[in-house]
Structures are given as C-alpha cells and as structure tokens.
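Grab the model and work through these exercises on its empty spaces and its ligand. Try each task yourself before you read the solution.

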Amino acid sequence: MNVTNRRGRFITMEGSDGAGKSTNFEYAQSLLEQAGLEIVQTREPGGTGLGEKLREALLRRQGVAIGTAAETLMIFAARAQHIEEVIEPNLAKGKWVLCDRFTDATYAYQGYARALGAERVAVLENWVQGPLRPDLTLLLDVPVALAAKRVGTRGTPDRFEHEDSQFKAAVRSGYLELARRDPDRIQLIDASQDLAAVQADLAQVIRKFLMQFDSETEC
Ligand code: TMP
C-alpha cells in the first residue's frame, strides 16, 4: 500500500482488563503489517522511559495513596511525553502507530469509573493532545464476570485489576458510552466470543478501514 508520502494513521486498542487485549493487539499488528504498513507498536501508560516509570508507579500496589487527580495527571504526563517522543514523530514520518490504550481509557477509568467527569478529562485532552485523536479505535468488549475470570487466571492483580466489580462495571459502561457517541471511530468488538470469531471481526474492521486508503491512492 502506497502511503509513505503522507502522515501515518493512529490506531488504538481499548477494553476492560481481561478483555483479551494482548493476544488481539498482536493479531491487529500482524494484519496491518501484512497490508505492507510499517507499524510502530506502543502502549499507555508507557511507551517512553518516563512513561514506563509512571506506569510502574500507577499499576503497582505499594501502599502509597494516589488520588484521582494525581492519577489522571500522571497518566497525562506520561501521555505528553509519549506524544512528543514517539507518537507525533512517527506519524509525521508516515508510519502507522498502533497503541495499546490511549485517552478513551482515561475517559472510562478516571472520567467514568473514578467519577472525575468527562469535562476534566476533555480539558487535559485538548491541552496535551491539541488536535491529535485516534483515527480508529478497536474496543474489545466483554461482560464484567468473564473479564474477572480471565484476570483471575493471571498473576497478582495490579492497582486497577484489584478494584471491585462496581468499578469494573463502570469502566465497561464508560467504554460503551464512548462507542455510542463516536461509532465511526470506535469499533466495538464482542470479545466474549471464541478467539477465532474475535479475530475474524477484527480482520473485518481493519480491512474496511484500510479500504479507504486503497481508494485514496487510486485517485
Ligand atoms: P494494561 O495496559 O495492561 O491494560 O494496564 C494498564 C492499566 O492502566 C489498565 O488497568 C487501565 C489503566 N489505565 C487507566 O486507568 N487510564 C488510562 O488512561 C490508561 C491509558 C490506562
């Protein structure tokens, strides 16, 4: 696909903890690479030296209080560095950036589940990101009970995984509300299906997204 002379595209993957992001993230990356695109894969919080240090502080349960305001500002501090160091320079070079979580997670976890409110998240989003928004978001949705079962089979739960089922239900509702409000960008994928069916749905969404660029390059 001939897209090298133009700005790259920014694709994010979202979902509650236990939605199956890791496996499906790798699959999405392989589909994009098979289409001949140069993909930079990254994650939030993280993706830079500073971002990974902040991730460690945010995720580790270490008996240190982190209030919602501090948590949100740490996430946006990591995001500011990530945009400056990784996301923008690569998009400018024409590379496509595939990011495991971005600001939709802040709306769902902090804005919704921590009850910070979407307005406060939007203020930081506008300040830190300027016009940068994902071009496509793949949202993996699973019922809370299934997500909890999947998280339960992993190691020690982190600070977010350790939250109660009410928090997790609010995260899911937050994501579903975002998808309802922005159905063109946020593509909802039923991740409670078996892996083959989830991946077939992912492939269909990605194929449809890439078709726009085929017609652009033909013009
Ligand atoms: P994960 O990358 O392994 O899914 O873990 C990251 C955790 O951080 C996850 O539980 C969600 C949380 N998180 C937020 O609460 N807000 C955010 O903006 C982001 C990016 C992540």
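**Exercise 1. Work out which helices line the largest pocket, and what kinds of residue they bring.**

Start with the elements. In this predicted model, helix H1 (21-34), H2, H3, H4 and helix H8 (195-218) each put at least two residues into the lining of the largest pocket. Next, ask who gives the most: that's H1, with six residues.

Now zoom out to the whole wall. The largest pocket has 37 lining residues, and Asp 17, Lys 21, Asp 100, Arg 101 and Arg 154 are the ones nearest its centre. Sort the lining by class and you get 13 nonpolar, 10 polar and 14 charged residues. Finish with the volume, which comes out at about 700 Å³.

**Exercise 2. Find where the ligand sits and describe the shell around it.**

Step one is location: the ligand takes up the space of the largest pocket. Step two is the shell, taking residues with a heavy atom within 4 Å of the ligand. There are 14 of them, with Asp 17, Lys 21, Arg 101, Thr 106 and Gln 110 the closest.

Step three, trace the shell back to its helices. Helix H2 (49-59), helix H3 (68-92) and helix H4 (103-113) each contribute at least two residues to it. H4 is the top contributor here, with four residues. By class, the shell holds six nonpolar, two polar and six charged residues.

**Exercise 3. Which side chains put a polar atom close to a ligand oxygen, and how much of the ligand does the protein cover?**

Go through the pairs one at a time, keeping N or O atoms within 3.5 Å.

- Asp 17 has a polar side-chain atom 2.9 Å from an oxygen atom of the ligand.
- Lys 21 has a side-chain N or O atom 3.1 Å from a ligand oxygen.
- For Arg 79, the distance from a side-chain N or O atom to an oxygen atom of the ligand is 3.3 Å.

Then turn to cover. On its own the ligand has 480 Å² of accessible area, and the protein covers 92% of that.

To tie this back to the earlier steps, note that Asp 17 and Lys 21 are among the residues nearest the centre of the largest pocket and also among the closest to the ligand.

**Exercise 4. Describe the second largest pocket: its volume, its walls and its residue classes.**

Volume first: about 270 Å³. For the walls, count 18 lining residues, with Asp 104, Tyr 107, Ala 118, Leu 178 and Arg 181 nearest the centre. The elements giving two or more of these residues are H4, helix H5 (118-129) and H7. H4 has the largest share, five residues. The classes split into seven nonpolar, four polar and seven charged.

So where have you met H4 before? H4 also lines the largest pocket, and gives the most to the ligand shell.

**Exercise 5. How many cavities of 30 Å³ or more are there, and what lines the largest cavity?**

Searching the whole structure turns up one. The volume of the largest cavity is about 120 Å³. Its lining has 13 residues, and those nearest the centre are Ser 16, Asp 17, Val 144, Ala 147 and Lys 168. Helix H6 (144-152) and helix H7 (165-181) are the elements that supply two or more of them.

Last step, the classes: nine nonpolar, one polar and three charged residues make up this lining.

Terms used. Residues numbered from 1 in each chain as written. Predicted model: local features only at pLDDT ≥ 70, side-chain atom pairs only at ≥ 80, totals over all residues. Heavy atoms only, no water. 1 Å grid on protein atoms, 1.4 Å probe; cavity = no way out; pocket = protein on both sides within 12 Å on 5 of 7 lines; lining within 4 Å. Points joined across faces, edges and corners; volume = space filled by probe spheres on them. Nonpolar A, V, L, I, M, F, W, Y, C, P; charged D, E, K, R; others polar. Polar contact = N/O pair within 3.5 Å; in protein donor to acceptor, adjacent residues only side chain to side chain. Areas by Shrake-Rupley, 256 points an atom, 1.4 Å probe, with all protein chains shown as cover. Sits in = over half its atoms within 2 Å of the grid points.
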